[in-house]
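Please open the model in your viewer and keep the selection tool at hand. The stops below say what to select next and what is there.

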Amino acid sequence: NHDVVVVTINYRLGALGYLDVSTLVPDALDLATPNAGLLDQVAALEWVRDCIASFGGDPANVTVFGESAGAFSIATLLGAPAANGLFRRAILQSGAAAHISDPQRASRIARGFLDEVGVEPTRDGIASLADRSIDEILAASERAAAKIKEADGLPWQPGTGTQSLPQHPHDVIRSGAWEGIDVLLGTTRDEMRLFTAFDPALRSIDADGILQRLSGSVGPAAGQIADAYHADVPGRSAADTWSEISTDEVFRVPAHRLATALHEGGANSLWAYEFVWPTPVFGGVLGSCHALEIPFVFDNLHQPGVAMLTGDHPERQLIADVLHPAWASFARHGDPNVDASPKSPQWLSWNPDERQTLVVSPEPELVSDPRGEALRRWPT
């Protein structure tokens, strides 16, 4: 619709993509390169640089964009030296730089995987992985992930302290390594409802359960944070309160921290959005959940199966008519306003003081610091 060349890529996942034995078995780096999944993404971007002109693309005007793991990946690429210069702009939908492993965590995960696959943490043991079938590797990866996730969050993440990711992306960004980049980023209003709405464990959660879950990640600040969210909507169910807390913890707070780091590092322009339109499906329990904005961005509301997530109300198209050209305009110009829909308000760039944010609904509006009081509850 907007004369944009779109390239989609594959990259390795699980242990194949993110097994890091660099600390556990340092003499086996030539056998198991850390962050292989990240390096796959770099290789794809190098291909775009070298070949995209043959497909009508401009290698000097590349925008990377992705949602969830795609956005986490882009945030990680901002910390990868090999990715510097391979893209000019970035769009991060529901993901930031919050899922990065330090060397100690990466070693714990690697040991758990090696235990599951029955391999000793030695050079010979790592070498023997090449003789295992892909089914064995995948099965061990999933078993290890299931055990790790209970105690340590998402297991297969990029790891710092490696050649491909020496530092945390925030540190690289603040240093000015990406000075001049244009970034558009945001979240949905009810991200975590996609995961919590049908979770039977949450049907009986109470205030103590929320405090216990939150304490594991934020420590002593948990009580103050939880009390503030309980007070926001008196009488709201504990499950709904937890959904909002976890949405902010996992998505909104990291997005704002990333935006702040980009501002400090000299980004050329920053644009923020929050998608707030609630889907009516399943009686409305999903709200404006994780991934809901994707068919609107692509203007694919007519495709088979989309109505299962969005419903079929005509007002849906009003949102797509705003988001679809805005994303294309940003990719072309670094500014979502240039080729914007007449239905879109003037979108002002984001800064840490005003936090101008496009609140996306059938009647979109620009809002300064939406729900800023909730963001300020979290320790920096």
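Rings of Phe, Tyr and Trp, the last taken by its six-membered ring, are said to pair if their centres lie within 6.5 Å. With that in mind, and remembering that this is a predicted model, select Phe 275, Trp 277 and Phe 296, which ring pairs link into a cluster. A search of the whole structure finds ten aromatic pairs, and two further stops on this tour are aromatic pairs as well.

Select next Trp 47 and Phe 55, whose rings form a tilted aromatic pair, with 5.6 Å from centre to centre and 50 degrees between the planes. Colour the two residues by accessibility if your viewer allows. Trp 47 has a relative accessibility of 38% and therefore counts as partly exposed, while Phe 55, at 52%, counts as exposed.

Move on to Tyr 229 and Trp 378, an aromatic pair of the edge-to-face kind, with the centres 6.3 Å apart and the planes at 65 degrees to each other. This pair links distant parts of the chain, since Tyr 229 belongs to helix α10 (residues 222–232) and Trp 378 to the segment after α15 (372–375), 149 residues apart. Are these two residues buried or exposed? Both Tyr 229 and Trp 378 are buried. Keep Tyr 229 selected and add Arg 377, the charged end of which sits over the ring of Tyr 229 at 4.7 Å from the ring centre.

While helix α10 is in view, select Gly 223, which is also found in this helix. Gly 223 has a relative accessibility of 24%, and so it counts as partly exposed. To travel to the last stop, draw a distance from Gly 223 to Ala 44: the two residues are 179 apart in sequence, and their C-alpha atoms are 45 Å apart in space.

For the last stop, select helix α2 (residues 36–51) together with helix α3 (residues 69–77). Two packed helices are described by the angle between their axes and the distance between the axes. Here α2 and α3 pack at an angle of about 80 degrees, with their axes 11 Å apart, which means that α2 is roughly perpendicular to α3. Show the side chains that make the contact: Leu 38, Gln 41, Val 42 and Leu 45 on α2, and Ser 73, Thr 76 and Leu 77 on α3. Sorted by class, the contact of α2 with α3 holds four nonpolar and three polar residues, and no charged ones.

Definitions and conventions
Residues numbered from 1 in each chain as written. Predicted model: local features only at pLDDT ≥ 70, side-chain atom pairs only at ≥ 80, totals over all residues. Heavy atoms only, no water. Axes fitted to C-alpha atoms, helices over the stretch in contact; angles between N-to-C directions. Helix = DSSP H or I, 4+ residues; strand = E, 2+ residues; numbered from the N terminus. Parallel < 35°, antiparallel > 145°, perpendicular 65-115°, else oblique. Contact = heavy atoms within 4.5 Å. Nonpolar A, V, L, I, M, F, W, Y, C, P; charged D, E, K, R; others polar. Phe/Tyr/Trp six-rings, centres within 6.5 Å; stacked < 30°, edge-to-face > 60°. Buried < 20%, exposed > 50% of the residue type's maximum accessible area, 1.4 Å probe, protein only. Lys NZ or Arg CZ within 6 Å of the ring centre and 35° of its normal.
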